[in-house]
Amino acid sequence: MNDAGLYRLPEAQNPSALYEQLRQQYGPVAPVLIHGDLPAWIVLGYRENLDVMRTPSRFSRDSRRWTAFKENRVAADSPLIPMVAWQPLCVFADGEEHARQRAAVVDGLAQFNRRGMRRYVTHYTRELVAGFAASGTADLVRDYAEPLPMLVVSRLLGIDPQDGPALVEPTLDLMRGSATAAASNQIVTQTLEELVARKKLHPGNDLASRLISHESRLTDTEIVEHLRLVLVAAHQGTVNLIAHTLRLVLTDRRFRGHLSGGQMTLPDALEQVMWDNPSIGIVPGRWATRDTMLGGQHIKEGDMLLLCISAANVDPEQRPDLSVPMRGNRSHLALSSGPHECPGGDIGRAIADTGIDELVALLPDLRLAVPETEIGITANWLTSRPSSLPVRFSRPRSLGGTEVTAPEPATGAQPLPVAASAPPAVPAHTPSIPKQSWWRSLLGR
């Protein structure tokens, strides 16, 4: 908190408690400070978030409108830059320009069907599990939740398999608002620039090739920026979704009871997690196109608004009793709403659904290796997720017909498992693994 009594968002140790404190003090829209003590409005109410998301005539995505940019108050090395500096892509556009750019992304993502996605996820899940299965222990965040989405999403984009693992840390770093965010952004951008140059010569059935050939006629810069957008958003969002869901599976008896008792399917469970722990807690931002009112606050033209999905999804007006499950309800704001609603939500769902299903089928007796109270939370001003999920399990003899062998003696830092250079060799008929009672197996029933 500064001298004027405003909270600095990056300093919040308990974001959820801060959001509720702000809601009590200011209502559904509250003034806060972000990096560099720059002022912003945080939108906490569910209805107010929908209002901002669905009315681009009042709340634009064009960050060039931000008063702080116009007054040169944002440092060139600010960790905000990778997230809010204007770029030629659909999330910073409105109207016809937004529609043109978004059409290329939507059409590019539409070519990936759920069945094909399951094959990729199954292949990489078995590959990752094979990397730690022999030891009987793992950290499901570091060893599984973080690398799996990158291995899958990078292949969908057209990135060479050997390059995917190296992008895990830079894409995570982009969302932390850290001092190295700009450098991480450069690593990701350079990889994607090289990808576009390669795909122009050798196109394939991937997102990069589709964006290059799309009738929207995206420029090379627009192609790179949209690939970066999909890569970062899909990876970060899916990592958090998998990590939060696995934590609940391993620790929450009520949650596990709904699953094992058949009251909740795994897809239902993922939606519940998106209600309670959205992958992206705060979305920066929107910029007021004119002086206006929102949630009882006077918003000036050029002001920045932060969409607080975490607070909106638990708005007491919408959910007076948070213990009531939200089965079958997809009206959460985890994927936004309005013209900028996330076009890749089903891809993230498919990776998380298949990945968790396959993981627990391969390792049915997963159990925490530490007391539940020792599970920490890694949080920053935009996202939060479990820091680690140490687990133990019985060593499987094989994974889909592949024998599990003892790991090689450690000789220093071990790289992430790297996919084969060829596409996943997953047969049309994958060897089945009995799954009817896998939740019961997890619960020791």
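This short talk covers two sheets, one cavity and one histidine.

A word on the source. This is a predicted model, where local features need pLDDT of at least 70, side-chain atom pairs count only at pLDDT 80 or more, and totals for chains, interfaces and linings use all residues. Residues are numbered from 1 along each chain as its sequence is written, and side-chain values use heavy atoms, with hydrogens and water left out.

Sheets come next. Strands of a sheet pair through backbone hydrogen bonds, parallel or antiparallel. Strands here are DSSP E runs of at least two residues, and helices are H or I runs of at least four, numbered from the N terminus. Two strands pair if DSSP finds at least two bridges between them.

One open sheet has five strands, in the order S1-S2-S8-S5-S3, with mixed pairing. S1 (29-34) and S3 (59-60) are its edges; each has a single partner strand, so one side of each lacks a neighbour in the sheet. S3 and S5 (residues 282-288) run antiparallel, joined by two bridges. Ser60 sits opposite Trp287 in S5. Helix H2 (residues 46-54) packs on this sheet and touches S1, S2, S3, S5 and S8. The direction of H2 makes about 125 degrees with that of S8. That angle is between N-to-C directions, on a scale from 0 to 180 degrees, with axes fitted to C-alpha atoms, for helices over the stretch in contact. Contact means heavy atoms within 4.5 Å.

The other open sheet has three strands, ordered S4-S12-S9, with antiparallel pairing. S4 (137-139) and S9 (367-368) stand at its edges. Leu368 faces Val391 in S12.

Now the empty space. A cavity is a set of points on a 1 Å grid, over the protein atoms alone, where a 1.4 Å probe fits but cannot get out; lining residues have an atom within 4 Å of a point. Points join across faces, edges and corners, and volume is the space filled by probe spheres set on them. The structure holds two cavities of 30 Å³ or more. The largest has about 1,100 Å³ of space. Its lining counts 49 residues, with Val91, Leu229, Ala233, Ile280 and Cys342 closest to the centre.

Which helix gives the most to that lining? H12 does, with nine residues.

Last, His244. It lies in H12 (residues 220-251). Buried or exposed? His244 is buried, because its relative accessibility is 1%; the cut-off for buried is under 20% relative accessible area, with exposed over 50% and partly exposed in between (1.4 Å probe, protein chains only). Beyond neighbours within four places in sequence, His244 contacts Val273, Asn277, Ser384, Arg385 and Pro386.

Note on methods: 1 Å grid on protein atoms, 1.4 Å probe; cavity = no way out; pocket = protein on both sides within 12 Å on 5 of 7 lines; lining within 4 Å.
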